[in-house]
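Tutor: Look at the picture before you look at any number. Then ask what each label rests on.

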2 protein chains.
Amino acid sequence: MKLRILVVDDEPEIIELVEFNLKQAGYAVTTAADGAEALKKARTQTPDLIVLDVMLPEMDGFEICKALRLDAATAKVPIIMLTAKAAEIDRVLGLELGADDYLTKPFSPRELLLRVKKILARFQTEEKPKEQLRFGDLLIDLPRHIVTWKNKPIEMTATEFKLLTILAQRAGRVQSRDQLLRDVWEYDSLIDTRTVDTHMRRLREKIGAASKHLDTVRGVGYRFVE
Amino acid sequence: MKLRILVVDDEPEIIELVEFNLKQAGYAVTTAADGAEALKKARTQTPDLIVLDVMLPEMDGFEICKALRLDAATAKVPIIMLTAKAAEIDRVLGLELGADDYLTKPFSPRELLLRVKKILARFQTEEKPKEQLRFGDLLIDLPRHIVTWKNKPIEMTATEFKLLTILAQRAGRVQSRDQLLRDVWEYDSLIDTRTVDTHMRRLREKIGAASKHLDTVRGVGYRFVE
DNA sequence: CAACCATGTGACGATTCGGTGACGAAATGA
DNA sequence: TCATTTCGTCACCGAATCGTCACATGGTTG
């Protein structure tokens, strides 16, 4: 499925340039020449990204941006602003507006593409955290704070649960002891890194057969294997 | 590591001026006087940025630009075009060429430096370090801390993994033993440089056929060849 | 060819690393 | 309050890994 991009600008040449390049790169592009059209298309087509010029007749880019954010249907769509003045950058990225990136004119098509890719990559991978993690017979239920093995509950402490969860959420990726200390214990560890080992041991003990998922990578850290 | 800039122009005065200023600013500069030379150097030296004059004998800047884009090895290098005519700007930044910025002659050295910095900053920050390195049948997965050859995992120790990774990330460039000690062992090595040899040997042993990628450069160090 | 130097190789002792059980402190809960 | 659970640290052990050495090998130089 192609990613959809809405381009908002009133200058036909810019529109043409941007549209051509984005289409070339495999995106589905729709365009709008003014604020009213932009808002309407944003709501009806739910694009994955909006490229928005600041300088527009009637409703300017700032206003459109604000309006987009206020509408629940479009509030979360990433926006890249096009601006002629470097001085406007602060306002563009400011809190009230919340654009996700900006480009100052003149910009090269390649530059635009880089930004588009970067922003889309960021938003695309930002999947909402799953409520349940399942690996074979092992089930981790985050909201319920329950772990089961073959449907049989496994008792464990809060720290152990968090440790297991963090590892499972990054299944496959090796986590160093320092990393784990930061993420599980949160405050910058005044804690001995060996503490992680002890908790891993207790965790392994409790989850029994499921401990086959918990891998030690000597000299590096621990890893959850699927 | 200094950023490398290739300057392409046929007028010696311009070359000299640009080269002096860029070097002053801490860049590594190489120059080319015509299209053929430019293409060759662009491919062999993999500069981080190319400053390209439009007006050149034989092959003009537009053609060179196009040729650079068509070659995978140079397609992603940002280009700043130098042009005498403001009227050419559209073409320079336009669809078919895709230069990343332009300067109209005459330009001041400060102006050039500003552009160079701007462009380099943009493209430099976009590059995220790769999570996977693939060379033929050899795959190095950094976050997973796994190396495979023809999809078959290769066991190795943490040090060996780091050594291989560092070499692979700098594929093609020879690394001295001292360099490797610094980067792999991190602290300023109280360690014998011959230790590197031993680890290279163990590494080669373990990765078997893939060791064809590991080159010894007599008298200098080791190199990862693609 | 001979001497020399850089690198490959195998072996070995030293060190590091992770698993483990134990213990007291801290937190929890009745 | 007291009993119980959970936590962080420690000491110890076996095993994996490391750094170094001595020697072999092979390329280079005169």
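Student: How far is the side chain of A:T198 from a base oxygen of DNA strand D?

Tutor: An N or O atom in the side chain of A:T198 is 3.5 Å from that base oxygen. A polar contact is a pair of N or O atoms within 3.5 Å; within protein, one must be able to donate a hydrogen and the other to accept it, and residues adjacent in sequence count only if both atoms are side-chain atoms. The pair at A:T198 fits the distance limit. One caution: this is a predicted model, where local features need pLDDT of at least 70, side-chain atom pairs need 80 or more, and totals for chains, interfaces and linings use all residues. Residues are numbered from 1 along each chain as its sequence is written, chains are lettered from A and ligands numbered from 1 in the order written, and side-chain values use heavy atoms, without hydrogens or water.

Student: Which other side chains make polar contacts with DNA strand D?

Tutor: Among them are two from chain B. B:W185 has a polar side-chain atom 2.8 Å from a phosphate oxygen. B:R218 has one 3.2 Å from a base nitrogen.

Student: What makes a residue count as near a strand?

Tutor: One of its heavy atoms must lie within 4 Å. For DNA strand D, 22 residues surround the strand, and A:R202 and B:R202 are among the closest. Of the atoms of strand D that come within 4 Å of the protein, sugar and phosphate account for 65%.

Student: What classes of residue make up the surface near strand D?

Tutor: There are 6 nonpolar, 10 polar and 6 charged residues. Ala, Val, Leu, Ile, Met, Phe, Trp, Tyr, Cys and Pro count as nonpolar, Asp, Glu, Lys and Arg as charged, and the others, Gly among them, as polar.

Student: And what classes make up the surface near DNA strand C?

Tutor: Here 14 residues are charged, with 4 nonpolar and 4 polar. Strand C also has 22 residues around it. Sugar or phosphate make up 49% of its atoms within 4 Å of the protein, and bases make up the rest. A:R218 places a polar side-chain atom 2.8 Å from a base oxygen of strand C. A:Y222 has a side-chain N or O atom 2.6 Å from a phosphate oxygen of strand C.

Student: Why is the pair B:E131 and A:R173 called a salt bridge?

Tutor: A salt bridge is a side-chain nitrogen of Lys or Arg within 4 Å of a carboxyl oxygen of Asp or Glu. The closest N and O atoms of B:E131 and A:R173 are 2.9 Å apart, so the pair passes. Between chain A and chain B, the count is 2 salt bridges.

Student: How much area do chain A and chain B bury between them?

Tutor: About 1800 Å², with 52% of it on carbon and sulfur atoms. A:R110, A:E111 and A:R173 supply 30% of the area that chain A buries against chain B, more than any other three residues. Buried area is the accessible area (1.4 Å probe) that two parts lose on being put together, summed over both.

Student: How do you know that A:E160 is buried or exposed?

Tutor: Buried means under 20% relative accessible area, exposed over 50%, and partly exposed in between (1.4 Å probe, protein chains only). A:E160 has 3%, so this residue counts as buried. Its side chain makes a polar contact with the side chain of A:K206, at 3.0 Å.

Student: What about B:V147, buried or exposed?

Tutor: B:V147 has 2%, so B:V147 is buried. B:V147 and B:I207 are 60 residues apart in sequence, but 8.8 Å apart in space, C-alpha to C-alpha.

Student: What are the labels for A:D141 and A:R144, buried or exposed?

Tutor: A:D141 has 8% and counts as buried. A:R144 has 61% and counts as exposed. The two form a salt bridge, with the closest N and O atoms 3.7 Å apart.

Student: What does the salt bridge of A:R170 and A:D183 tie together?

Tutor: Their closest N and O atoms are 2.6 Å apart. A:R170 lies in the loop between α6 and β10 (175-176) of chain A, and A:D183 lies in helix α7 (residues 177-185), so the pair ties together parts 13 residues apart in sequence. Helices (H or I, at least four residues) and strands (E, at least two) are DSSP runs, numbered from the N terminus. A:R170 has 27% relative accessibility, so A:R170 is partly exposed.
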